[in-house]
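Open the structure in your viewer and switch to a cartoon view. Keep the selection tool ready.

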Amino acid sequence: MKISSLASSIKGSPTLRLSAQAAEMRSRGLDVIALSAGELDLKPPKVVVDAAKKAIDDGIIKYTAASGMPKLHDAVAQKFAIKHNIELKRENVIITVGAKQALSNIMITILEPDDEVLIPTPYWVSYPEMVKLARGKPVIVETAAEHKFKIKADDIEKNASARTKALLLNSPSNPTGAIYSRTELEDIIAICRKKGIAIISDEIYFTIVLDGEHTSLLDFGKDVLDYAIIINGVSKAYAMTGWRLGWAIANPEIISAMGRIQSHQTSNACTISQYAAIAAMGNADDFAPKVVSLMRERRKIAMELLENIQGIEPLEPDGAFYIFCDVRKLLGERFASSEKLSEYLLQNALVATVPGEAFGMPGFLRISIAIDKDKLSEALNRIAKAIR
Ligand SMILES: Cc1ncc(COP(=O)(O)O)c(C=O)c1O
């Protein structure tokens, strides 16, 4: 049987592949430290775990509506309505199998074949492939280091065409940790509205803000859902990656179309996780500040160690839990590319990192700081030694 040209064109997730490779090396007894994973090394809040256990004990684990439980729609709508002083109803929310599925679903929902989606580099690894899966065309937009690799209104103007349907924004960003300010977003919104470009705003790291503050698209008033779709979930905010629960907030027409698609693709997100997410929405607000102070401590440790490695220039993140490092000074005869450097570090320092190629940005490496501080220090010392 022959696989389709679409399937042949899709690359597997490099971060998941690297984490699997690290796990496989560990199973062979090698002491690999993974700085490649995109997940917190913490347990979810106790209320969340208790709610999941109770749902199991009560035996109420059946299918729910494909778009999720009304009670969870209400909990999400209420939480974000209060937080952003905006009116949201349950019809504005769909519950998905992680933010990943919400993103993939929205592409199918709004794209016609060959419609273009603007994706600023460096981008989260899955964005271009998700656009391709929906038979759209990813248009990769270069950004400038001086502007912390954030897209500007000018870049949108230059890269938009008559076929541009949407812009993918990610703030705080994976991999750079950059956060868009209110003024930057105002400029972006203005140009997108002028050109009729929808904004898909991936805000999955919204609670992990180490410096400054996070502005959500939901902060832009009640007509925001005429032009934006907000993607979020519990994976990063509540250390619930494996629970696979996310959502999209959009206008009811979009939500209803996404629901129809989802009803044939996955049915509902895991029912146990939905009960857990209801608990998270109302009772776990003390979790984020703990994560933030932990990440600030680790960022400090990691920045100091990285700044002392010759050839590595780390970009200090304002949010999320990664440090994106410029390694171009190390490239040349010894390492042909950041991919080769990453491979070398895995084989020789037993440290897994993600090369910039995965984010559309060769010459960089992403390291995760969502790991115990002693292990983090040891991994960075190993990298320093291997490079020396
Ligand atoms: C920017 C970004 N968006 C979305 C996701 C997917 O999140 P989820 O686990 O909820 O599918 C990730 C996970 O790494 C991410 O980094």
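The stops below go from helices to sheets and back to helices.

**Ground rules**

This is a predicted model: local features need pLDDT of at least 70, side-chain atom pairs count only at pLDDT 80 or more, and totals for chains, interfaces and linings use all residues. Residues are numbered from 1 along each chain as its sequence is written. Helices (H or I, at least four residues) and strands (E, at least two) are DSSP runs, numbered from the N terminus.

**Stop 1: helix α2**

Select residues 14-27. These 14 residues form helix α2, and its end C-alpha atoms are 20 Å apart, which agrees with the 20 Å expected at 1.5 Å a residue. The expected span is 1.5 Å times one less than the number of residues.

Now show Thr15, Leu18 and Ala22, which are buried. A residue is buried if 20 or more other C-beta atoms lie within 10 Å of its own, exposed if 12 or fewer, and partly exposed in between; the C-beta atoms are placed from the backbone. Look down the axis of α2: the buried residues fall within an arc of 65°, so they line one face of the helix. The arc is that of the directions from the helix axis to the C-beta atoms. An α-helix has 3.6 residues a turn, so residues three or four places apart point the same way.

Turn α2 over. The face away from the buried side carries the exposed residues Glu24 and Ser27. Then add β1 (33-34), β11 (351-352) and β12 (354-355), which are among what covers the buried residues of α2. Contact here means that the C-beta atoms of two residues, placed from the backbone, lie within 7 Å. Gly29 follows α2, with a positive phi near 90°.

**Stop 2: helix α3**

Select residues 46-58. Helix α3 has 13 residues and reaches 18 Å from its first C-alpha to its last, close to the expected 18 Å. Val48, Ala51 and Ala52 are its buried residues. They cover an arc of only 100° around the axis, which puts them on the same side of α3. Their cover includes α10 (271-283). On the face of α3 turned away from the buried side, find the exposed residues Lys46, Asp57 and Asp58. Gly59 follows α3, and its phi is positive, near 65°.

**Stop 3: the seven-stranded sheet**

In what order do the seven strands of the open sheet lie? Read them as β2-β8-β7-β6-β5-β3-β4, with mixed pairing. Two strands pair if DSSP finds at least two bridges between them. β2 (93-96) and β4 (137-141) stand at the edges with a single partner strand each, so one side of each has no neighbour in the sheet. The twist averages 20° from one strand to the next.

Zoom in on β7 (residues 228-233). Six of its six residues are buried, so β7 is largely enclosed by the rest of the structure. Ala228, Ile230 and Asn232 point one way; Ile229, Ile231 and Gly233 point the other way.

Next, select the neighbours. Strand β6 (residues 198-202) pairs with β7 in the parallel sense over four bridges, and Ile200 has Ile229 as its bridge partner in β7. β7 and β8 run antiparallel, joined by four bridges. Ile231 stands opposite Ala248 in β8. β2 and β8 (residues 246-249) are also antiparallel over four bridges. There Ile94 stands opposite Ala248.

**Stop 4: α5 against α9**

Select 98-110 and 252-265. Helices α5 and α9 pack at about 110°, with their axes 9 Å apart. Axes are lines fitted to C-alpha atoms, for helices over the stretch in contact, and angles run from 0 to 180 degrees between N-to-C directions. That makes α5 roughly perpendicular to α9; angles under 35 degrees count as roughly parallel, over 145 as roughly antiparallel, 65 to 115 as roughly perpendicular and the rest as oblique. Show Asn105, Ile106, Ile108 and Thr109 in α5, which meet Ile254, Ala257, Met258, Ile261 and Gln262 in α9.

**Stop 5: the four-stranded sheet**

This open sheet runs β9-β10-β13-β12, with antiparallel pairing. β9 (313-315) and β12 are the edge strands, each pairing on one side only. Three bridges join β9 to β10 (residues 322-326). Label Leu315 and its bridge partner in β10, Phe324.

**Stop 6: α12 against α13**

Finish with 338-349 and 373-387. The axes of α12 and α13 come within 10 Å and cross at roughly 105°. That makes α12 roughly perpendicular to α13. Leu345, Asn348 and Ala349 in α12 meet Arg382, Ile383 and Ala386 in α13.
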